[in-house]
2 protein chains.
Amino acid sequence: MDRRTGLPVVAMVGGGQLARMTHQAAIALGQSLRVLSAGPDESAALVAADVELGDHRDLDALLRLAEGATVVTFDHEHVPTEHLHALAAAGHRVAPGPDALVHAQDKLVLRRALAAAGEPQPAWAEVAVVEEVESFAGRHGWPVVLKTPRGGYDGKGVFVVPDRDEAAALLVRHGTLLVEERVRLTRELCAQVARSPFGQVAVWPVVETVQVDGVCSEVLAPAPGLADELATAAQELAVRIADRLGVVGMLAVELFETPEGVLVNELAMRPHNSGHWTIEGARTSQFEQHLRAVLDYPLGSTAMTAPVAVMANVLGGRAAADDWAGPGLDERVHHLMAHWPDVKLHWYGKGQRPGRKLGHVTALGADLPRVRARAAAAARYLADGEVDPAFAFPTGH
Amino acid sequence: MDRRTGLPVVAMVGGGQLARMTHQAAIALGQSLRVLSAGPDESAALVAADVELGDHRDLDALLRLAEGATVVTFDHEHVPTEHLHALAAAGHRVAPGPDALVHAQDKLVLRRALAAAGEPQPAWAEVAVVEEVESFAGRHGWPVVLKTPRGGYDGKGVFVVPDRDEAAALLVRHGTLLVEERVRLTRELCAQVARSPFGQVAVWPVVETVQVDGVCSEVLAPAPGLADELATAAQELAVRIADRLGVVGMLAVELFETPEGVLVNELAMRPHNSGHWTIEGARTSQFEQHLRAVLDYPLGSTAMTAPVAVMANVLGGRAAADDWAGPGLDERVHHLMAHWPDVKLHWYGKGQRPGRKLGHVTALGADLPRVRARAAAAARYLADGEVDPAFAFPTGH
């Protein structure tokens with residue numbers, strides 16, 4: 001409790017864009033997010049009043065962060081599980097708790113839990129030697145997908161492996177791996193749900209996530225053309241997982257849509273890129289909802305504010321390259337605002353590097369192709385300084 | 001320009017709730033608002049990363065704030081005009097500029113300017129001796145309204161005066177005053193417009209502002225039952241004033257609606273209580289728009305996101321009294337969220353005192369009476385811990 005305000009203090013491990021946007025939501029609730037940031041120039045550290053500098057692998061830093069906070073939560077999954085237990089043992093509330101969070105940290109733990117629960121997922125096995133991979137591929141075919149159980153994100157730690165030799169090399173480099181069948185998917189979906197300690201859950205419409213090179217490029221809300229029964233099934237699946245694992249806070253269930261139904265890919269237990277659209281596109285954003293959930297506040301309405309919302313990520317592109325000679329960021333923001341006055345910008349304040357998630361844009365409307373074209377064109381312009389001919393600037397601009 | 005982000009730095013004088021909510025908007029644009037706050041526990045100082053402590057009447061503090069900022073702007077009108085000129089003379093961009101802002105600082109200056117422009121306003125006169133008040137009342141009738149030219153807000157510095165004796169006493173106490181006819185108004189309206197140095201303007205729907213004891217209680221957007229031609233006339237009036245005075249940033253034109261049309265009451269050149277509904281109720285909030293305008297960015301869409309938006313202020317009430325024995329703030333927030341899951345809370349983090357603006361709530365929908373009832377009941381519960389019977393808590397709560 002903050003004695004100045006009479007309101008709780010949420011502490012978040014990680015100073016990235018998720019913490020940055022959670023701080024925005026905290027401000028509305030009368031709070032100020034306390035952030036553990038690796039450095040003073042991280043996205044959230046640039047804007048938050050209450051910043052603790054330190055590393056998320058340093059238990060002392062975690063304990064400093066937790067001191068006086070109502071609850072400790074996370075903008076990523078990389079805090080060592082033993083540190084989470086140590087925080088809890090020291091009397092700090094941790095949400096999600098370590099026994100839940102491990103399912104978002106360790107893909108093997110997740111696969112075992114989903115198998116025990118009978119939930120749909122790709123065929124998988126734990127493999128330590130190449131013969132086990134060969135045996136799996138004998139049943140499910142090459143290529144297979146090999147994944148490091150821990151530490152991966154945005155496609156890192158995921159390998160599509162065509163043969164025995166590559167599998168052997170990965171096993172030498174990484175040790176025990178998770179092998180999965182390569183799913184013939186129609187597309188990727190995501191079901192997001194929030195759950196409070198009280199057990200209340202709130203679920204948003206299921207979205208389609210468009211991935212490029214393993215990184216989220218666009219999110220379409222709601223997932224276009226998704227049959228009602230499939231959407232409901234995906235939502236119910238997410239709620240079951242949240243309940244069974246005892247998730248507290250936001251849960252993103254990343255799904256493969258296949259002709260036979262949905263399969264669980266992986267989980268995130270925090271605000272997630274798939275839910276950035278909720279800032280403008282839903283009555284309650286995932287960031288506010290995460291705060292409400294970890295504080296055991298009642299959850300907010302997840303109703304959409306428009307028929308369609310599209311979020312497009314801005315990854316560092318040509319304009320983030322060292323030799324970029326085109327318009328600078330501030331000038332690009334000017335043009336963005338001039339050409340897309342209804343597109344909402346979220347810029348994370350990071351240093352620009354190619355491939356880095358630098359910001360996102362959101363467009364709302366009724367007609368998906370048009371809304372999507374506006375969002376994609378705006379994001380592309382920010383990233384690459386390139387204008388889609390459909391949105392060409394007037395002469396003289 | 002912030003060398004870390006490549007984006008501009010807006011500095012705002014004043015650490016109140018307007019600066020707090022402007023910081024939220026700045027975060028989305030990749031920025032971090034720099035705030036001059038009177039103390040570390042002011043609303044904005046509690047949440048902003050870049051806080052300069054100091055008084056807005058201290059030129060040195062203002063110069064420290066301005067150092068390295070792209071532009072200096074305001075969350076109130078109380079900076080001495082000579083300090084504004086000194087900032088400009090020192091090479092700092094000030095928005096709105098002193099020659100515009102003085103019309104929001106000094107009601108006599110405003111009355112003269114509106115008279116010169118031929119814009120509709122109440123009958124008025126500058127009065128230094130009581131005979132001038134009597135002469136004015138002879139033409140317009142008692143009671144008259146006496147106003148201190150400077151320093152008033154939220155009904156402070158405004159006196160409804162029934163007779164010569166009270167007028168004489170006020171003149172002794174305050175010196176030269178503005179006298180105005182007491183307008184027989186139907187209701188109060190507000191037209192908000194943003195204007196950039198480039199000259200672009202953006203205008204929101206005209207709203208009705210409901211005042212209680214001179215303080216804004218509710219804002220209804222759009223103003224219910226307002227004829228289109230009257231709404232358009234009010235918007236055009238606001239745009240004309242913004243242009244003529246050279247306003248940069250947000251301009252709120254407070255209006256009296258009378259059977260003969262609208263009359264200008266006063267101006268604010270900053271985000272304004274009348275526009276808090278725009279955070280959820282419009283594509284671009286007044287806070288984001290103020291930043292865009294003072295930075296000479298292109299302005300954002302002012303389209304509404306729902307047919308009706310209602311903002312209700314939370315003024316410190318029974319629950320802010322020293323002897324309050326009911327549920328504390330955190331518990332009231334719980335109940336608020338449980339009972340009005342779609343109502344959006346904005347709490348300013350201030351110490352609670354009766355009569356103080358502590359926060360506001362916003363509800364959106366299609367049916368004004370129902371939306372208004374939800375917002376008003378939620379605000380009243382936060383302020384007084386009292387539940388409207390229409391929203392009674394279930395037994396056992």
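The expected span of a helix is 1.5 Å times one less than its number of residues. The exercises below apply this and a few other rules to a predicted model.

**Exercise 1. Find how far helix 12 of chain B should span, and check the result against its end C-alpha atoms.**

Step 1. Helix 12 of chain B covers residues 368-384, which is 17 residues.

Step 2. At 1.5 Å a residue, these 17 residues should span 24 Å, because the rule counts one less than the number of residues.

Step 3. The end C-alpha atoms of helix 12 of chain B lie 23 Å apart, which agrees with the expected span.

Step 4. Just after the helix, Gly385(B) takes a positive phi of about 65°.

**Exercise 2. State which residues of helix 12 of chain B are buried, and what covers them.**

Step 1. The buried residues are Val371(B), Arg374(B), Ala375(B), Ala377(B), Ala378(B), Ala379(B), Tyr381(B), Leu382(B) and Ala383(B).

Step 2. To read such a list, recall that an α-helix has 3.6 residues a turn, so residues three or four places apart point the same way.

Step 3. The cover over these buried residues includes strand 15 (308-315), helix 11 (329-339), strand 16 (344-347) and strand 17 (357-365) of chain B.

**Exercise 3. Decide whether Glu218(B) is buried or exposed, and list what it touches.**

Step 1. Glu218(B) belongs to strand 12 (residues 215-221) of chain B.

Step 2. Its relative accessible area is 10%. The cut-off for buried is under 20%, so Glu218(B) is buried.

Step 3. Leaving aside neighbours within four places in sequence, Glu218(B) is in contact with Glu208(B), Thr209(B), Val210(B), Val310(B), Met311(B), Ala312(B), Arg372(B) and Ala376(B).

Step 4. With Arg372(B) there is also a polar contact, side chain to side chain, at 2.9 Å.

**Exercise 4. Classify Val72(B) and Glu131(A) by relative accessibility, and give one C-alpha separation for each.**

Step 1. Val72(B), in strand 4 (residues 71-74) of chain B, has 1% relative accessibility and therefore counts as buried.

Step 2. Among the residues that Val72(B) contacts beyond four places in sequence are Ala11(B), Val13(B), Leu87(B) and Val94(B).

Step 3. Val72(B) and Val294(B) are 222 residues apart along the chain, while their C-alpha atoms are separated by 8.4 Å.

Step 4. Glu131(A), in helix 6 (residues 130-140) of chain A, has a relative accessible area of 46% and so is partly exposed.

Step 5. Glu131(A) and Phe287(A) are 156 residues apart in sequence, and their C-alpha atoms are 45 Å apart.

**Exercise 5. Describe the interface between chain A and chain B: its area, its polar links and the chain A elements in it.**

Step 1. Each chain brings 49 residues to the contact. The buried area is about 4100 Å², and carbon and sulfur atoms give 57% of that.

Step 2. Ile27(A), Arg283(A) and Met337(A) supply 16% of the area that chain A buries against chain B, more than any other three residues.

Step 3. There are four salt bridges between the chains. One of them joins Glu288(A) to Lys344(B), with the closest N and O atoms 3.1 Å apart. The interface also holds 23 residue pairs in polar contact.

Step 4. On chain A, helix 1 (17-28), helix 10 (286-294), helix 11 (329-339) and strand 16 (344-347) each supply at least two residues. Helix 11 of chain A gives the most, with six residues.

Step 5. By class, this side of chain A has 25 nonpolar, 14 polar and ten charged residues.

Definitions and conventions:
Residues numbered from 1 in each chain as written. Chains lettered and ligands numbered in written order. Predicted model: local features only at pLDDT ≥ 70, side-chain atom pairs only at ≥ 80, totals over all residues. Heavy atoms only, no water. Contact = heavy atoms within 4.5 Å. Buried area = accessible area lost by both parts, 1.4 Å probe. Salt bridge = Lys/Arg side-chain N within 4 Å of Asp/Glu carboxyl O. Polar contact = N/O pair within 3.5 Å; in protein donor to acceptor, adjacent residues only side chain to side chain. Helix = DSSP H or I, 4+ residues; strand = E, 2+ residues; numbered from the N terminus. Nonpolar A, V, L, I, M, F, W, Y, C, P; charged D, E, K, R; others polar. Buried < 20%, exposed > 50% of the residue type's maximum accessible area, 1.4 Å probe, protein only.
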